[in-house]
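Q: I have a model open and would like to learn how to read its features one at a time. Could you walk me through it?

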Amino acid sequence: MKPVELAPNQLHRFYRGGEAIARFRGVPSTDDHAPEDWVGSTASLFGGDGAGLSSLSDGRLLRDAIAADPVSYLGPAHTAQYGSDSALLVKLLDAGERLPVHFHPDQAFARSRLGLAHGKTEAWLIVETRGDRPTVWLGFLEDVDLDVLAGWVDRQDRATMLDALNELTVGPGDCFFVPAGLPHAIGEGVFLLEVQEPSDLSVLLEWAGFDVDGPRDGHLGLGFDVALQSARRAAVRGDELTELRRQTDTAPESRPGAYTLLPAPASSFFRAERLCPAPAVSLEQEFSILVALDGDGMLDTEGGTARLSRGESLLVPHAAGPGELTGSVDVIRCLPPAPNGDRKRDVQD
Ligand SMILES: [Zn+2]
């Protein structure tokens, strides 16, 4: 089985952005509210009509192709654990304006309240930034009581909410691990690659000024009384905050030319590595999604060969076998949870 090229899959959303994605992908920018490209997606927008799902060049949905042959795409170990669920979603996200403060529920909450398999722990790999002070906000500086948080949301006290969060200036190469529950926002001018659990579950703490009906759509249909219970209200600071942030340039090398981008706790949700062939980097046999950030390279697998240049993405099925990436290319490789990780115990419970 050959590596599969993934076409651009930009989505209309309620916030501005998307020009950087179109430029990166080499396609025309036709919608100034298309700030997300779901790459190799088997997930769809929450409450939507299937928007978000990736198509293959033969017109089939990737989700259906995997469901018809999960072992070839995902491998026997992954399939034994997750069935035909890839357990992975990769996105490009270009914030044309600051995103509203929001958070994502965790897996336990998604299961018990919504009957869904995944929450939304995520990670951000900053690709490019624009403007003087590209910023993200992540986790509260101090513990926040539930009634205080509910009051901010109710009054749409945007300034107080934003001030209550850790404000971090970012640049290309910064990586953040964002566990479910942590309130966050992404600032205008930040273009990032996002790796996450395959769901679209967001609780909006802020909506004033955005083209979204927060009181109707901001709480996953659960009401804010319930939805806010899944926020992480305890402060995130010191070593914990430091652990969530990593620099691509100083990421540990796991094998020649491959660098681990996320801290160990992330690997029960997803994994991400940066591949910089020097002059070649090996890929063990595994389902993965590759996005080239820069340069031109060549991926050789037992199943076939594919070029990979800036702005292009490939899905590597398990059945492609082991591979080797060569060339002058900078690639992010995204993988589902580590086999036999903590999640397996969850699933068996
Ligand atoms: Zn988010």
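Q: How are the donor residues of the zinc ion spaced in sequence?
A: The spacing reads H-x1-H-x17-E-x61-H. Keep in mind that this is a predicted model. The protein donors behind that pattern are His102 (NE2), His104 (NE2), Glu122 (OE) and His184 (NE2), lying 2.1 to 2.7 Å from the zinc ion. Within this group, His102 in strand β5 (residues 102-103) and His184 in strand β10 (residues 184-186) link distant parts of the chain, 82 residues apart.

Q: Why is the arrangement around the zinc ion called irregular?
A: Start with the ideal: four tetrahedral donors would have angles of 109.5 degrees. Here the four donor atoms subtend angles of 81 to 160°, which makes the arrangement irregular. To count as tetrahedral, all angles would have to lie between 85 and 135 degrees.

Q: Are His102 and His184 buried or exposed?
A: His102 is buried, with a relative accessible area of 8%. His184 is buried too, at 1% relative accessibility.

Q: Glu122 was a zinc donor. Which side chain does Glu122 meet in a salt bridge?
A: That would be Lys120, at 3.3 Å from N to O. Both Lys120 and Glu122 are buried.

Q: How many salt bridges are there by this rule?
A: The count comes to 26. Another one to look at is Arg133 with Glu167, where the closest N and O atoms are 3.3 Å apart. Arg133 lies in the loop between β6 (122-129) and β7 (135-140) and Glu167 in strand β8 (residues 165-169), so this pair ties together parts that are 34 residues apart in sequence. As for accessibility, Arg133 is exposed at 52%, and Glu167 is partly exposed at 42%.

Q: What about Arg216 and Asp217?
A: Their side chains meet in a salt bridge too, 2.8 Å from N to O. Arg216 counts as exposed at 55% relative accessibility, while Asp217 counts as partly exposed at 41%. Salt bridges can also share partners, and that joins Arg13, Glu36, Lys91 and Asp200 into one network.

Q: On to sheets. What is the order of the strands in the open sheet of seven strands?
A: The general idea is that strands of a sheet pair through backbone hydrogen bonds, either parallel or antiparallel. In this sheet the order is β2-β3-β4-β11-β6-β9-β13, and the pairing is antiparallel. The edge strands are β2 (10-11) and β13 (245-247), each pairing on one side only. Look at β2 and strand β3 (residues 36-39): two bridges join them, and they run antiparallel. One residue to follow there is Gln10, whose bridge partner in β3 is Asp37.

Q: Which side chains of strand β17 point to one face and are buried?
A: Val281 and Leu283 do, while Ala280 and Ser282 point to the other face and are not buried, an alternation that runs along residues 280-283. Strand β17 is joined by four bridges to strand β21 (residues 323-335), and the two run antiparallel. For a concrete contact, Ala280 has Thr326 as its bridge partner in β21.

Q: How many disulfides does the structure hold?
A: A disulfide is a covalent bond between the sulfur atoms of two cysteines. The structure holds zero. Take Cys175: the nearest cysteine sulfur, that of Cys334, is 11 Å away. From the side of Cys334, the closest cysteine sulfur is likewise the one in Cys175, too far for a bond. Cys175 counts as buried at 2% relative accessibility, and Cys334 counts as buried at 0%.

Q: Last topic: how many aromatic pairs does the structure hold?
A: There are eight. Phe177 and Phe270 form an edge-to-face pair, 6.2 Å centre to centre with 75° between the planes. Phe177 sits in strand β9 (residues 174-178) and Phe270 in the loop between β15 (258-260) and β16 (271-275), 93 residues apart. Phe177 is buried at 5%, and Phe270 is buried at 0%.

Q: And how does the pair of Trp207 and Phe224 look?
A: That pair is stacked: 5.5 Å centre to centre and 20° between the planes. Trp207 lies in the loop between β12 (203-204) and α8 (214-217) and Phe224 in helix α9 (residues 224-227), so the pair ties together parts that are 17 residues apart in sequence. Both Trp207 and Phe224 are buried. Ring pairs also link Phe14, Tyr15 and Phe210 into a cluster.

Methods:
Residues are numbered from 1 along each chain as its sequence is written. This is a predicted model: local features need pLDDT of at least 70, side-chain atom pairs count only at pLDDT 80 or more; totals for chains, interfaces and linings use all residues. Side-chain values use heavy atoms; hydrogens and water are left out. A salt bridge is a side-chain nitrogen of Lys or Arg within 4 Å of a carboxyl oxygen of Asp or Glu. Buried means under 20% relative accessible area, exposed over 50%, partly exposed in between (1.4 Å probe, protein chains only). Donors are N, O and S atoms within 2.8 Å of the metal (3.2 Å for Na, K and Ca); water is not among the atoms, so sites may look incomplete. Four donors count as tetrahedral if all angles lie between 85 and 135 degrees; four count as square planar and six as octahedral if opposite donors are over 155 degrees apart and all others between 65 and 115; anything else is irregular. Two strands pair if DSSP finds at least two bridges between them. A disulfide is a pair of cysteine sulfur atoms within 2.5 Å. Rings of Phe, Tyr and Trp (its six-membered ring) pair if their centres lie within 6.5 Å; planes under 30 degrees apart count as stacked, over 60 as edge-to-face and the rest as tilted.
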